[in-house]
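Here are my comments on the model you sent, set out as numbered points. They deal with the fold of one chain, a pair of its helices, and the place where two chains meet.

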Amino acid sequence: MMGELWTRLRFFVSRRSRGELDEELQFHVEQSTAANIAAGMTPEAARRQALVEFGGVERTREECNEQRPGWLMETVVQDVRYALRGFRRNPLFSVTVIATLALGIGATTAVFSVVDRILFRDLPYGHADRLVSVGLVQSLEKQEFTLGSFYYYWKDNQTPFESITQEGGVEECDLTEQNPTRLNCASVEGDFLLTMGIAPIRGRNFLPEEDRPNGPMVALISYGLWLTHYNLDAKILDKVIQIDGKPVRVVGVLPKDFEMPRLQAADIVVPRKIDVGVQHKVNSGIGYPMWAFARLKPGVSAEQAQAALGPVYEYAQKIIPPEIRKDFHLKVRSLRDRQIQDVRLVAWVLLGAALAVLMIACANVASLFLTRAAARERELAVRSALGASRGRLIRQTLTEALLLAFAGAAAGCVVAEILLRVFVAIAPAGVPFLDKARLDPRILVFAALLSLACGVMSGLVPALHRPRAIVLAARSTNSGAHAGLRRSLVVAQIAISMVLLSSATLLLRSFRNLQGQNLGMQASGVLTVRMSLTRDRYASNEKKMEFYDKAEAALRRVPGVTAVGMSDSLPPGGWRGGMRYAEIRVEGRPRTPPGTGGAVTSRWVTPDYFRALRIAIVQGRNFTEGERDSSEHWMVMSKLLASRLFPGEDPVGQRVQPGLDAPWYTVVGVAANVKNAELNGEDTPEFYTLRRNFGADWGSHSVMVLETGLPPETVAPWVRTQIATIDPTVPVDVETMQERLSTLADRPRFETALLGFFAFTGLMMAVIGLYGVTAFMVTRRTQEVGVRMALGASRINILRLIVGEGMRLIVVGGAVGLGAALGVSQVLKSLLFSVGPHDPATFVGVAAVLGLVALAATLIPARSAMQVEPVVALRCD
Amino acid sequence: MPPSTDLLQGTLDLLILKTLALEPMHGWGIAQRIQQVSKDVLQVGQGSLYPALHRLEYKGWIESDWGASENNRRAKFYSLTRAGERQLAAELQHWDRMSAAIALVLGGAPEGAA
């Protein structure tokens, strides 16, 4: 056996000389001739007979070579070399294929890597598929919440859950040690970790007594805090740390991937220590807000759970005041749904766009391969006639397709990595987990395989055809083969481009509407200043008021600042105070029926707020500085609210009670409407209440707005200096209104930019595909054109012939695409702002652009067809 | 061309090995010998002979050497190696089993049908 292996190896290394084989075969023929002579033939006849009997020498030689061990590998190397030579000869083809593949694979992989993190990531909880978010929703709060007054009843009487738990949100807290640090502290119910399926990596969970009022002060800390603040010190357990000046014992460390179910950042988790008994008394008798999460019993779905919660929901309804009861609904949905809500549609749209681009890319590659194959039909026929076996030809074609696919996939990796970085860089802050997105090798492989399949399939189709003798015989090659397939590929490409292009244009128009809309206020030359006051230094409303009074006075002294206003929130979008329209009562009128009128926005402002933002007072007057010290309550309402509350009446001087137990306010003026919803949202009526110099008015957030004629970068340092003179420990966040608006538009900008990129890429590829097919047809028909011209066809006739063919493809593709685009735009509806999903201008415009570009792609080859010289065309073979 | 009998797959190898078991021989001689011994029933064309010879040589069952032919021409002589002898023995045994089996089937078929 060893001997045999040795022989093989020897032959593998040493090549047989061609001469030896020839000599051997030569000897055979001579022997045969000699035998024939001996049989009585003349020497000539004998030699002739011997050669006839012998048959094809070349074929025998080939076959002898094929016996060599390692012959197969040699042919692979040969095929690769041949393919590379072919690519060098025709670099445009290879570059186009590789670029197309790279774009298709890169875009799909990058987008899917992002979308995968958003839609399909593993939640860091045990059996996360059984976790749901439970609670009430209403017009003012569309995310589920519960209240202490009924949550504990639910907890005791619910049936569909294994357990239900709640968290009380995350608040800023200070780690008051040697280096005071601002942290985020989450407060949760004692069984929170158990229900969510989270196990501390060090230490233990909370004990039941630690979640009782006045129980021992304990905390779990995040892995991040453990790492950055305590350097992963194992002695962290049972260490007493100071939080907001109080000693708290660390009982455990949370896992690295820990996150709160509502995705707030949290460094420290403490038990909430809720006093269940007082929940019917605190917070106007409805109890503290709680965000509840539950673990479904095995086999129970969220819908079943919602149905099973009917009885306990009734209990909650009894607590809600009857006037607003109709506005509340029970909602149970999976935790994943709650987390991804509005990102879901964007994610699917992007994924769809990326897949569309991949499809166009595949069609393009297939079309390119078919074109090349048709052009090489003759070459294949010649090689076949020279003795190449069919298997050999197929192998050769496969080698070429594989080489290009690998090159394309490699380039695709690079494109994907670049695109991913671009996505992360331009993505708005609101898209969750984007920073954690990594290239997904599975998707890369999938996309690469898909394009490989396109290439291989289209490369194989012609090779599988037995090369016909007619190809060799005919003076011109047969152009009909696979033309139909190629045409339908182009039609598909144009159709998909149409869908992409119209979607992108819709988003672009919507984005421009968004940017160009009238905000009802001044954005340029406005600075917003936010300060976070620590809880231990500014515990009471009075202390806060005192600070902001000083800040207001100090900022008025800053040169170039012409107005200093205060508010608790700023338009547009973001957090803002609000209530139901039906809760607003007008003096001398019956109450509005409960549950009607939707939501109303409210803000606490100072008189300069309107001046700084240049919000016009259209009726009555602004608040006066003097009214800030008055014991009366004053209100300015928006034009929209005034027209709703006082249609045809003068609102000025009317008295209004906003809220069931609010004081009565006197309306002094009407302000112009301001964009107070999100940029793409429906505006709500709004009223402004004067923030007076009483502690009671300072319970909420605060933000300052400055109007200045100087550049913001000049004013900002002065602002910081002024605040530092009041309290140097207060962090100051200065932002221009322009920046704020730009941040708000980040999300639509991101969507528009990405979809636009895909649409552009898709269109480019489709146009290249169309150009390629038309150009190829023209080359193929050069002779025909020559004949036609010789028979008297004018150049215009020829142009019409070629362009007509292209136009047919464009029209069919465009029509199919238009139909599909109209359907797809329905999906985009909720992403659009003041553009209908069937916006005629968009669709007409896109169709026109697509038609023109496509026409241009056919005109270039058509021009070269027009310039065909009949004599030359007829003479060439 | 005289009507050729298609050789069973692998049979040509066996015939070549068997022929070479007698004495080293060149390609032409092997073809002639097979034709003679089979009384002109088996005609080995060069198109299958030479690839087979090369295949057997690559497998190490036969080896080749240049020598002088009967009419003093340079010719390539093939001879059986040790491995070739073992292979021949194995294939002969296999052949015997196969032909006996085939004979059984062919001989037994009429009885079975009756």
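1. Two residues are taken to be in contact if their C-beta atoms, placed from the backbone, lie within 7 Å. On that basis, among the contacts in chain A between residues at least 6 apart in sequence, 83% join residues at least 24 apart. Please keep in mind throughout that this is a predicted model.

2. Chain A is built with 28 helices and 23 strands, and of its 877 residues 39% count as buried.

3. One helix pair in chain A deserves a closer look: helix α7 (residues 148–157) of chain A packs with helix α11 (residues 310–319) of chain A at an angle of about 165 degrees, the two axes being 9 Å apart. Because angles over 145 degrees count as roughly antiparallel, α7(A) and α11(A) are described as roughly antiparallel to each other, and their crossing is right-handed.

4. In this pair, Ser149(A), Phe150(A), Tyr153(A), Trp154(A) and Asn157(A) of α7(A) meet Val312(A), Tyr315(A), Ala316(A) and Ile319(A) of α11(A). Sorted by class, the contact of α7(A) with α11(A) has seven nonpolar and two polar residues, with no charged ones.

5. Turning to the two chains, their contact takes 17 residues from chain B and 19 residues from chain A. On the side of chain B that touches chain A, α2 (27–37), α3 (46–59) and β3 (74–80) of chain B each supply at least two residues, and the largest share, eight residues, comes from α3(B). The residues on this side of chain B divide into six nonpolar, seven polar and four charged.

Conventions:
Residues are numbered from 1 along each chain as its sequence is written. Chains are lettered from A and ligands numbered from 1 in the order in which they are written. This is a predicted model: local features need pLDDT of at least 70, side-chain atom pairs count only at pLDDT 80 or more; totals for chains, interfaces and linings use all residues. Axes are lines fitted to C-alpha atoms, for helices over the stretch in contact, and angles run from 0 to 180 degrees between N-to-C directions. Helices (H or I, at least four residues) and strands (E, at least two) are DSSP runs, numbered from the N terminus. Angles under 35 degrees count as roughly parallel, over 145 as roughly antiparallel, 65 to 115 as roughly perpendicular and the rest as oblique. A crossing is left-handed if the near helix is turned anticlockwise from the far one by less than a right angle, and right-handed if clockwise. Ala, Val, Leu, Ile, Met, Phe, Trp, Tyr, Cys and Pro count as nonpolar, Asp, Glu, Lys and Arg as charged, and the others, Gly among them, as polar. A residue is buried if 20 or more other C-beta atoms lie within 10 Å of its own, exposed if 12 or fewer, and partly exposed in between; C-beta atoms are placed from the backbone.
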